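Welcome! Open your viewer, get comfortable, and follow along one selection at a time.

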Amino acid sequence: MLFMDCKMVDVLRGRRRLRVSVFKPPCSFWFLLLFGVGGLVLFIHLQDLSDMVLQQAPGVKFRSTTQSRQEQCGQFSEIVRVHQRSEEGDVDPISPMQLPDSQWKRQAPTPGSREHDPGSQQVTKRHRKLLKTSPVQHTNSSSSSSSSSSSSHSEISRRLSDVQESRRRIVREVCGKYRSNISRTITPHHVSRIYVEDRHKLLYCEVPKAGCSNWKRVLMVLAGVANSTRDINHVSVHYDNHLKRLDSFDRQGISKRLETYTKVLFVREPMERLVSAFRDKFESPNSYYHPVFGKPIISKYRVNASQSALKTGSGVTFREFIHYLLDVHRPVGMDIHWEATNQLCSPCHLHYDFIGKVETLEEDANFVLRKIGAPENLTYPSFKDGNPKAARTSTQITQHYFSQLNASERQRAYDFYYMDYLMFNYSKPYKDLY
């Protein structure tokens with residue numbers, strides 16, 4: 001009896017275990033269930049994300065209500081059918097996400113464009129491959145081009161603004177370190193090289209051999225003196241006095257303009273600027289610089305000078321010119337064409353808003369023209385003033401001239417323009433300089 005009772009207990013326990021095993025699914029079932037649920041959530045999330053992207057694509061207004069799930073599923077089925085037909089060569093396989101239309105309509109080519117319309121004829125296998133690998137070529141809308149152009153202009157503007165901030169900061173640091181004890185009083189001498197253009201509230205400091213002739217042309221066009229920079233010849237630029245200088249105003253007029261106008265300064269690598277000035281004034285015929293500077297230079301620094309050279313002042317060599325420049329007892333005074341830029345434009349007294357460089361002349365000049373609101377058709381001219389047939393002074397030409405000097409003369413020339421090198425962040429031109 002006891003044995004039978006134990007058997008019954010074992011049977012009942014077995015049934016319970018069987019019942020439990022029936023209602024306890026294996027781990028693989030739970031894994032598949034969770035995987036399915038996760039896939040469904042991901043699918044719904046991707047559908048919502050695609051709706052949001054389509055609604056905010058270029059040229060599409062944002063919609064406050066979304067499509068129903070039934071419509072979305074219907075559209076998803078249509079996408080699947082489209083892709084299936086595209087594999088058979090019936091339709092264009094361009095992804096709907098590439099188009100700006102929320103209804104995924106085919107984008108029509110712009111008038112006159114050479115874009116191929118895939119719907120106009122059967123698409124070949126090679127063309128389908130090209131469409132898959134480079135679909136951007138077939139979705140180049142005017143809105144995307146405009147957006148890209150605007151973004152590009154914005155990046156350029158930001159880059160140039162950062163460059164300007166860096167240049168101004170370096171000038172401030174050098175002035176604070178080396179010119180901290182100078183008087184802050186601004187005199188007419190400090191602004192004697194600055195030209196005024198009142199219509200666009202622009203102040204430009206003239207630095208000879210740093211693009212100043214063409215800048216004067218630009219100022220004349222801004223002032224309404226001429227319609228185009230091409231219409232202004234060399235004589236009108238330098239001798240007709242169409243532009244006002246800042247020192248021609250009274251103290252109140254000077255202060256007001258310095259406080260409210262855009263102050264612009266353009267600089268050039270000092271040695272290159274010096275060679276450019278020498279070539280222009282002494283190697284070319286010149287009725288002023290040959291007799292006024294050439295004769296005393298030849299007289300003092302040339303041994304056994306000929307009577308012809310002493311009489312005309314022509315033929316000054318670069319080494320003789322450097323001897324004159326570095327002489328504390330010069331036989332003739334200084335000239336603006338080789339005067340240091342920091343002496344001409346007083347950057348430690350006048351805080352310039354824009355510091356351009358000849359090395360990036362057109363980009364810098366056109367940037368500042370857009371900033372002051374100049375006419376869109378006005379750009380900085382690129383033609384050469386003075387001696388148009390002569391090659392522009394380059395780094396190679398500059399090195400050729402300085403190779404005529406010894407190391408001591410090169411060092412002294414560098415020392416002469418040392419503050420310009422520091423203020424405007426130019427590198428040492430020669431390795432043996434200290």
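**The whole chain**

Start with everything selected: this is a predicted model, and of the 434 residues of the protein chain, 38% count as buried. Colour by secondary structure and you can look for 17 helices and five strands. Now show the surface. The protein chain exposes about 26300 Å², and carbon and sulfur atoms supply 55% of that area. For contacts with a separation of 6 or more, residues 24 or more positions apart account for 68%.

**Strand 2**

Next, select residues 202-205, which form strand 2. Turn on the side chains: which residues point one way, and which the other? Leu202 and Tyr204 point one way, while Leu203 and Cys205 point the other way. In a regular strand, side chains alternate between the two faces of the sheet. Are these four residues of strand 2 buried or exposed? All are buried.

**The hairpin with strand 1**

Add residues 194-197, which are strand 1. Strand 1 pairs with strand 2 in the antiparallel sense, over four bridges. To see one of the pairings, pick Tyr195, whose bridge partner in strand 2 is Tyr204. Then follow the chain through the hairpin: four residues lie between the strands, and Lys201 takes a positive phi near 55°.

**The link to strand 4**

Finally, select residues 262-267, which make up strand 4. What is the sense of the pairing between strand 2 and strand 4? These two strands run parallel, joined by four bridges. Stop at Leu202 once more: its bridge partner in strand 4 is Thr262.

Methods:
Residues are numbered from 1 along each chain as its sequence is written. This is a predicted model: local features need pLDDT of at least 70, side-chain atom pairs count only at pLDDT 80 or more; totals for chains, interfaces and linings use all residues. Side-chain values use heavy atoms; hydrogens and water are left out. Buried means under 20% relative accessible area, exposed over 50%, partly exposed in between (1.4 Å probe, protein chains only). Two strands pair if DSSP finds at least two bridges between them. Contact means heavy atoms within 4.5 Å. Accessible areas come from the Shrake-Rupley method with a 1.4 Å probe; for residues, only the protein chains shown count as cover.
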